[in-house]
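Please find below some comments on the charged side chains and cysteines of this model, set out as numbered points.

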Amino acid sequence: MKKFLSILICTILFALGAQAQIDEVVNEINSNGGWKPRSQWLQNKDIAEKYIMRIMEFTSLDAKWAQEDLDKDHEQALKILEVRNQLIGQTKKVKKQDKILSKHFNDVSQARQAFSQAETSEMCYQLLSGVLEGKINRVVTSKMPSGALTYFHHLVTNGFAGTHNETILEKKDGKGRLAVILKNMRMRLEDKDMEAVWFEVNDSVFQQVRDMVETGMLYDVNSRYSPSIDIMDASNWSMDFKFEGGSISSSGYATGPDHSECLSGILRYLITLYKELGGDLEEK
């Protein structure tokens, strides 16, 4: 008897949960006149395939955020398809299906549109999730270039703000030298023609930067980075390393690169050194 009551209670709770899900989906479709995923990348296959090219420019973290965003639409699409199956899954004839759907939805055509969109979104979700997973769980295939570091250049520009910031470490005539150039093209017109102030540095500085690149795996980067969402008026950046046995180059807009904490550490090290050598950056 107790076993029967337990089964009966579980059956009732399951039925109540199913009905609640039906009510939730029906209310959403009736209120919104259908359903579309919040992410435009799940609307159709063509858009999803174009998004793949953008995913290739994501950092691992950006890919994780993008996946979490797609997961929300994925969950809702599954709910919609489950409700469809619960209402008309066993009914083969279209007229009977429409009769059942008309009892729940204000407009049967809108309900069918929502079902169709949910199917399409699920197809796109599976396509994109596979690519995003590869980015999130990326396997390092790049190798640290061999030999000593001979050149490093980092540039950040923002046309809206008028900023132009450069950090350069290079060998010239067999000697190492360092320059940091910070320009504000809007506030200081004379900055446009400002010449770099160079300070001589020894080989230990080049070795320190090289060690930071290798330890921080900054050689493991994309050639290009872009954000997972559209951002206006952000900064463009680029970095270039040259070694005796190879090079590392990357650029991006508003985000990146992977292992950006390593790049930040290198810039802090060089800018601090520049100031210690007498470089004047206070007014910039």
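1. A salt bridge is taken here as a side-chain nitrogen of Lys or Arg within 4 Å of a carboxyl oxygen of Asp or Glu. The model is predicted, and by that criterion the structure holds 11 salt bridges.

2. R138 and D258 form one of these salt bridges, their closest N and O atoms being 2.4 Å apart. The pair links distant parts of the chain, since R138 sits in the loop between α5 (108-136) and β1 (146-158), whereas D258 sits in the loop between β6 (236-253) and α7 (260-276), 120 residues apart. R138 counts as partly exposed, at 23% relative accessibility, while D258 is buried, with a relative accessible area of 7%. Salt bridges with shared partners also bring in D220, so that R138, D220 and D258 belong to one network.

3. A salt bridge also joins the side chains of E24 and K79, at 3.3 Å from N to O. Because E24 belongs to helix α1 (residues 2-32) and K79 to helix α3 (residues 60-88), the pair ties together parts that are 55 residues apart in sequence. Both partners fall into the partly exposed class: E24 has a relative accessibility of 36%, and K79 has one of 28%.

4. Helix α3 takes part in a further contact, in which the side chains of R38 and D73 meet in a salt bridge (3.9 Å, N to O). Here D73 is the residue in helix α3, and R38 lies in the loop between α1 and α2 (45-55), so the pair ties together parts that are 35 residues apart in sequence. The two partners differ in their exposure, for R38 is exposed, with a relative accessible area of 64%, whereas D73 is buried, with a relative accessible area of 4%.

5. On the surface, a patch of positive charge is formed by K93, K96, K99 and K103. Of these lysines, K96 can be placed in helix α4, which covers residues 94-102. Residues in such a patch have over 30% relative accessible area and no salt bridge.

6. How many disulfides does the model contain? The count comes to zero, the rule being that a pair of cysteine sulfur atoms must lie within 2.5 Å. As for the cysteines themselves, C124 is buried, with a relative accessible area of 1%, and C262 is likewise buried, with a relative accessible area of 8%; in both cases the value is under 20%, which is why the term buried applies.

Conventions: Residues numbered from 1 in each chain as written. Predicted model: local features only at pLDDT ≥ 70, side-chain atom pairs only at ≥ 80, totals over all residues. Heavy atoms only, no water. Buried < 20%, exposed > 50% of the residue type's maximum accessible area, 1.4 Å probe, protein only. Patch = residues over 30% accessible without salt bridge, like charges linked within 9 Å, V, L, I, M, F, W, Y side chains within 5 Å. Areas by Shrake-Rupley, 256 points an atom, 1.4 Å probe, with all protein chains shown as cover. Lys, Arg positive; Asp, Glu negative; His and termini not counted. Charge placed at Lys NZ, Arg CZ, Asp CG, Glu CD. Helix = DSSP H or I, 4+ residues; strand = E, 2+ residues; numbered from the N terminus.
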